[in-house]
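Student: I should like to understand how the labels used for charged pairs are justified. May we go through them one at a time?

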Amino acid sequence: MKNKKNLFENSIHAIFLILGLITVASVILISLYLIFAGLPAISKIGLKEFLFGSEWASTREDPKFGILPFILTSVYGTSGAIVIGVPIGFFTAVYLAKEARPAVKRVTISAVNLLAGIPSVVYGLVGMLVLVPAIRKAFGIPDGAGLLAAILVLTVMILPSIIKVSLTSLEAVPKEYEDGSLALGASPTETYFRISVPAAKSGITASIVLGVGRGIGEAMAVMMVSGNAPNMPALFRSVRFLTTAVASEMSYSSGLQRQALFSIALVLFLFIMMINAILNYFMKKDKVD
Amino acid sequence: MNVFSIENMNLWYGESHALKDINLDIEEKSITALIGPSGCGKSTFIKSLNRMNDLIPNVKIEGNIKYKGHDIYSPDVDVNELRREIGMVFQKPNPFPMSIYDNVAYGPRTHGIRSKAMLDEIVEKSLQNAAIWDEVKDRLKKSALGLSGGQQQRLCIARALAVEPRVLLMDEPTSALDPISTAKVEELAVELKNNYSIIMVTHNMQQAARISDYTAFFFLGELIEMSNTDLLFSKPSDKRTEDYITGRFG
Amino acid sequence: MGNSDFSARRKAYIYTMRFLMIASSVITCVISFSIIIYVLFKGLPNISWELLSSKPSYISEKIGILPDIVNTLYIVLATLIIVIPLGVGAAIYLTEYAKSKRLTSIIEYAAETLSGIPSILYGLVGMLIFCQFLGMKTSLIAGSMTLAMMNLPTIMRTTQESLRTVPMSYREGAFGLGAGKWRVIRTVVLPCSIDGIITGCILTIGRILGESAALLFTAGFAHELNGLVKGLQSSGASLTVALYVYAKEQGEFEVAFAIAAILIILTLIINFIARALGNYFKNRGSN
């Protein structure tokens, strides 16, 4: 009787252990697949040629597989979005955490939640039909699709992450810190920026890193507004990101070209793992602070 | 007859030696009160008697704890059966977030009773035995969380009685209650001892003096002395017991 | 006191900061609301019963999005059915069973890593594992499995959070009555944390509805109308993928906007439900 019960409880324990380990298994599986799918092309093309080659012509008779344009586009594109998005997100977060009246806060937070919920293809669509023509007209260029349009779309898409994570961190700052500063005669606004913000700096940094991750990983919206030509990045030039390089040729690729796409995915994956590690560091630090 | 006899019991939480060399017998169908200052080990002790300490990591127990002559820590003991026979009432009333009826029926259902008629009977009898039937009989299907603290505690006693235990362990059952509810629970305990053996941890020496037959005094993890309640309160044999019951510390 | 130069500088600082805060918040709100209003304005007039209730036909040159709606529904259903047991189970393991701190932190780190991986990579790996290695071909079920892997951390985290709020005393009470561990979990702990599980499901539904990159290579582009079983085995476009195809490849912007409007409305509904549920559970918790 007792043995039967023990067997039952032990089997259930084992089942939950297996379910618990599925996340770990998934991470291992994803890593292994990306590594094994990504290495062959790199070894054929040569690491240096692959990473630092500035020409990508995968379907030419004499194909070239240099992904430097994609790497630089992803880096520039994400940096651009961070440069514009972080200040907006940061000031919004401070305002929401400390100054905004409850009604204003509620409305603004639902606006942020809506931004976070809009599917990326919808961003892409609006970008294609509003932003791209606007850029074309404003700067008098033949096609508005390019790096600038992608940066602007990414800026909007990373805003919610930045605002939400910073907000959580700012709201967790103990009120005593602020009271101390107010009691010394500092105004509320000075207190927020000189006391609360430094106290929440790990969380705010984490929000920026999270934004970088989102920006580097976004594919669909960027694909719809960036023009997709494998050029070296320039603000008004049609460009291709690491993500869109994978997506745009996958459906008709074969042979070495297809393997090279997997290698691009591997490079992207390594970028993301690095960002995750940094993110994790700041998130942990924020909890400890 | 003894329900429990404990020999040379030692208990460690990780490194800290929480109970030291406890030797103690507990008489059947009586109330045994465990008193002593906070952190003296009395709660830890009572939780060893139905192996609730198993839930805490890093607990190590040595020695013999015999329930009706059988070592409860021996490998062939079914913990769930043991806990059915040795019921427990906790410091803070902890009814489940279910109806009053489902709270009381939880134990019997756990042990395999499915028949509606039988459950109805058990629920009614248990609530009557816990002296709360009249207060709740018209709202058995309402949430137990709507009851007052005192009612919740008596419901928890009913819940414990529903599995027909032999022993009731009560871990400071009135510490979260107001004086009127406390009196009701005390009255109930005295009534219950006709059929059950009750072991009660209490912070309140008047309570121990009022209702218990035997009292054991714990201090810094040791059992200082145990005797007939009247004797212990009138003629304590140890200086520390005397200091404690006369309010010199704790 | 009295140092007017200093106080002027202070004032300038305060005004600048206040201006920046308010301006940023206004920008955020304006962007959000104008995108939504713009999409609804452009999309709603294009939603017709015919569009919603038919499938595309090259012969009569008309476009209908019924298959895409149905596919989306299938994907949502299949993903939830796969991901809920996995995510809830993992959360139960972590909060109720796991004793080793090391293992717990490894699992949690894995979950965080999963939630950081971009969806295009999920699409790629899903294609390699489910479509090719496991032989499911490009199909809705392969897409759903990919999305399940992607949403595992969400369900796991929300469930874990609400399992943690179940008072220890409930567990003690049930153990004290002689209930076995699984019975305690099933009858006391899980019912108390149902709110977290539901919240996780709502968040997941929202993410599935908006997902496209992970489905591109796993679920495909077809616009066929199928029953559930056949549908799961065959390729099909979700609403988002259909939007992409109509906008980018076919230049059918009216249809694209109609789909975008539908997606926005669904997003609004999901946000509303999430908030309403959050309030409901909070109120119930305080009673």
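Student: What makes B:E81 count as buried, partly exposed or exposed?

Tutor: Please keep in mind that this is a predicted model. The relative accessible area of B:E81 is 33%. Buried requires under 20% and exposed over 50%, so B:E81 is partly exposed.

Student: Why is the contact of B:E81 with B:R84 called a salt bridge?

Tutor: The closest N and O atoms of B:E81 and B:R84 are 3.5 Å apart. The cut-off is within 4 Å, and the pair therefore qualifies as a salt bridge. Both residues belong to helix 2 (residues 79-85) of chain B, where being 3 residues apart separates them by about one helical turn.

Student: How do you know that B:K193 and B:D213 form a salt bridge?

Tutor: Their closest N and O atoms lie 2.9 Å apart, which satisfies the limit of within 4 Å. B:K193 is in the loop between helix 7 (179-192) and strand 8 (197-201) of chain B, and B:D213 is in the loop between helix 8 (205-211) and strand 9 (214-219), so the pair ties together parts 20 residues apart in sequence.

Student: What accessibility do A:R60 and A:E55 have?

Tutor: A:R60 has 39% relative accessibility, and A:E55 has a relative accessible area of 36%. Partly exposed covers what lies between buried, under 20%, and exposed, over 50%; therefore A:R60 is partly exposed, and A:E55 is partly exposed too.

Student: How many salt bridges does a search of the whole structure find?

Tutor: The search finds 22 over all chains.

Notes: Residues numbered from 1 in each chain as written. Chains lettered and ligands numbered in written order. Predicted model: local features only at pLDDT ≥ 70, side-chain atom pairs only at ≥ 80, totals over all residues. Heavy atoms only, no water. Salt bridge = Lys/Arg side-chain N within 4 Å of Asp/Glu carboxyl O. Buried < 20%, exposed > 50% of the residue type's maximum accessible area, 1.4 Å probe, protein only. Helix = DSSP H or I, 4+ residues; strand = E, 2+ residues; numbered from the N terminus.
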